[in-house]
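User: I would like to understand how the terms used to describe a protein bound to DNA follow from computed values. Could we go through them step by step?

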2 protein chains.
Amino acid sequence: MRRSRPEHESIDETLRACGIIPTAQRVRIGRMVLTRPTHFSAEQLYERVNLAGNHVSKATVYNTLGLFVEKDLLRRVLVGTGKVFYDSNMTAHHHFYDVESGELGDIDAGEIEIRALPKTADDVQIEGIDVVVRVRRAAS
Amino acid sequence: MRRSRPEHESIDETLRACGIIPTAQRVRIGRMVLTRPTHFSAEQLYERVNLAGNHVSKATVYNTLGLFVEKDLLRRVLVGTGKVFYDSNMTAHHHFYDVESGELGDIDAGEIEIRALPKTADDVQIEGIDVVVRVRRAAS
DNA sequence: TGTTAAACTTAGAACGAGTCTAAAGATTGC
DNA sequence: GCAATCTTTAGACTCGTTCTAAGTTTAACA
């Protein structure tokens with residue numbers, strides 16, 4: 001499981017290292033989302049990738065996001081009423097979600113300590129733990 | 001914030017206590033989901049409530065679920081790739097989600113201990129913390 | 001009780017996010 | 001250079017959910 005992208009690697013190399021053929025569209029998307037930790041929705045990416053010329057189709061955006069998630073280059077984050085975000089920060093961390101603004105932010109793994117994981121049956125393995133802290137800016 | 005429904009209360013009384021006018025449809029739905037802790041999707045409820053006569057519309061099912069969530073009689077749980085479930089267990093607890101079967105289960109609050117909550121700005125208050133443990137049955 | 005206003009429910013249209021399709025385009029191996 | 005494979009595309013489609021406008025129920029109170 002990939003945890004973070006080495007600084008020196010080009011997107012091209014990163015993709016190859018994951019067994020992904022680096023097509024023009026994938027590299028373009030990769031440059032937008034993999035070079036720094038960021039949160040975004042598929043919709044936002046689709047708009048952004050198409051701001052400057054050379055149209056990339058919706059299907060390709062979704063396919064590429066799915067591929068990146070599968071290869072552990074991105075993770076999906078669910079918040080609000082079923083809204084799907086993508087997160088290119090692959091280090092261990094959690095999220096806070098502002099229920100009013102819809103804003104999503106990172107919480108360093110060290111700031112939340114999870115103890116006493118539930119005991120599970122022998123054949124059940126834990127894939128991961130998602131923690132979302134819902135916050136609200138005080139009315140006063 | 002309501003945490004659990006007193007045993008002796010009728011659904012009718014529970015709804016009134018929350019400021020909800022107990023219409024026939026709301027009481028019918030309430031009886032199905034509020035009398036015991038259960039997980040379900042809107043789709044599942046819509047089918048179940050319409051199995052035995054007296055059709056209830058999709059709009060009313062969604063409106064009622066939204067209302068119950070707003071009044072803290074139900075909570076929403078997000079799992080998988082954006083799937084929305086409802087949970088009538090309002091005691092403090094978390095969830096595990098079997099990524100293969102799609103099955104959702106409860107984890108008692110005591111089994112997961114969250115420490116050292118992130119310090120937040122003065123005007124930010126924590127509304128709640130959602131923890132989902134993703135599990136997978138071992139292949140072997 | 002009868003009347004009225006407000007609240008609720010309804011069917012079906014509309015919506016948005018995401019997936020599928022079939023065809024065209026790019027890439028690879030030989 | 002050719003064939004096989006993989007990728008991208010536009011647009012149709014699906015699914016869960018929300019909206020709309022009309023009809024129905026409920027509550028208040030004369």
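Analyst: What follows is a set of questions and answers on this predicted model, in which each term is set against the value behind it.

User: Let us begin with chain A. What makes up its secondary structure, and in which order do the elements run?

Analyst: Chain A has four helices and seven strands, and read from the N terminus its elements follow the order α-α-β-α-α-β-β-β-β-β-β. The C-alpha trace of chain A spans about 45 × 45 × 30 Å along its principal axes.

User: Why are α2(A) and α3(A) called roughly perpendicular to each other?

Analyst: Two packed helices are described by the angle between their axes and the distance between the axes. For α2(A) and α3(A) the angle is about 115° and the axes are 11 Å apart. Angles of 65 to 115 degrees count as roughly perpendicular, and α2(A) and α3(A) are therefore given that name. Their crossing is right-handed. On the side of α2(A) the contact is made by A:R28, A:I29, A:M32 and A:V33, and on the side of α3(A) by A:L45, A:R48 and A:V49. Sorted by class, these residues are five nonpolar, no polar and two charged.

User: In chain B, what makes α2(B) and α3(B) roughly perpendicular, whereas α3(B) and α4(B) are oblique?

Analyst: The axes of α2(B), residues 24-33, and α3(B), residues 42-49, cross at roughly 115° and come within 11 Å. That angle belongs to the range of 65 to 115 degrees, and the pair is therefore roughly perpendicular. The helices α3(B) and α4(B) pack at about 125°, with axes 10 Å apart. An angle of about 125° is outside the range of 65 to 115 degrees and is not over 145, and α3(B) and α4(B) are therefore oblique to each other. The crossing of α2(B) and α3(B) is right-handed, and the crossing of α3(B) and α4(B) is right-handed as well.

User: Which residues meet where α3(B) packs against α4(B), and how do they divide by class?

Analyst: From α3(B) come B:A42, B:L45, B:Y46 and B:V49, and they meet B:K58, B:V61, B:Y62 and B:L65 of α4(B). The residues of this contact are seven nonpolar, no polar and one charged, and the charged one is B:K58, given that Lys counts as charged.

User: Turning to the DNA, which residues come nearest to strand D, and how many surround it?

Analyst: There are 14 residues around DNA strand D, and those that come nearest are A:T23, A:Q25, A:S57, A:T60 and B:Y62. Of the strand D atoms that come within 4 Å of the protein, 78% belong to sugar and phosphate. By class, the residues of this surface are seven nonpolar, five polar and two charged. The largest share, three residues, comes from α4(B).

User: How do you know that A:T23, A:Q25 and A:H55 make polar contacts with DNA strand D?

Analyst: A polar contact is a pair of N or O atoms within 3.5 Å, and each distance can be set against that limit. An N or O atom in the side chain of A:T23 is 2.4 Å from a phosphate oxygen of strand D. For A:Q25, a polar side-chain atom lies 2.7 Å from a sugar or linking oxygen. For A:H55, a polar backbone atom is 3.0 Å from a phosphate oxygen. These distances are within the limit, so the three pairs count as polar contacts.

User: What surrounds DNA strand C, and which parts of the strand do A:K58, B:H55 and B:T60 reach?

Analyst: DNA strand C is surrounded by 15 residues, of which A:Y62, B:T23, B:Q25, B:S57 and B:T60 are the closest. Sugar and phosphate make up 77% of the strand C atoms that come within 4 Å of the protein. The side chain of A:K58 has an N or O atom 3.2 Å from a base oxygen, whereas a backbone N or O atom of B:H55 lies 3.0 Å from a phosphate oxygen. The side chain of B:T60 places an N or O atom 2.8 Å from a phosphate oxygen. In the surface near strand C, α4(A) gives the most, with three residues, and the classes are seven nonpolar, five polar and three charged.

Note on methods:
Residues numbered from 1 in each chain as written. Chains lettered and ligands numbered in written order. Predicted model: local features only at pLDDT ≥ 70, side-chain atom pairs only at ≥ 80, totals over all residues. Heavy atoms only, no water. Near = heavy atom within 4 Å. Polar contact = N/O pair within 3.5 Å; in protein donor to acceptor, adjacent residues only side chain to side chain. Helix = DSSP H or I, 4+ residues; strand = E, 2+ residues; numbered from the N terminus. Axes fitted to C-alpha atoms, helices over the stretch in contact; angles between N-to-C directions. Parallel < 35°, antiparallel > 145°, perpendicular 65-115°, else oblique. Left-handed = near helix turned anticlockwise from the far one by under 90°. Contact = heavy atoms within 4.5 Å.
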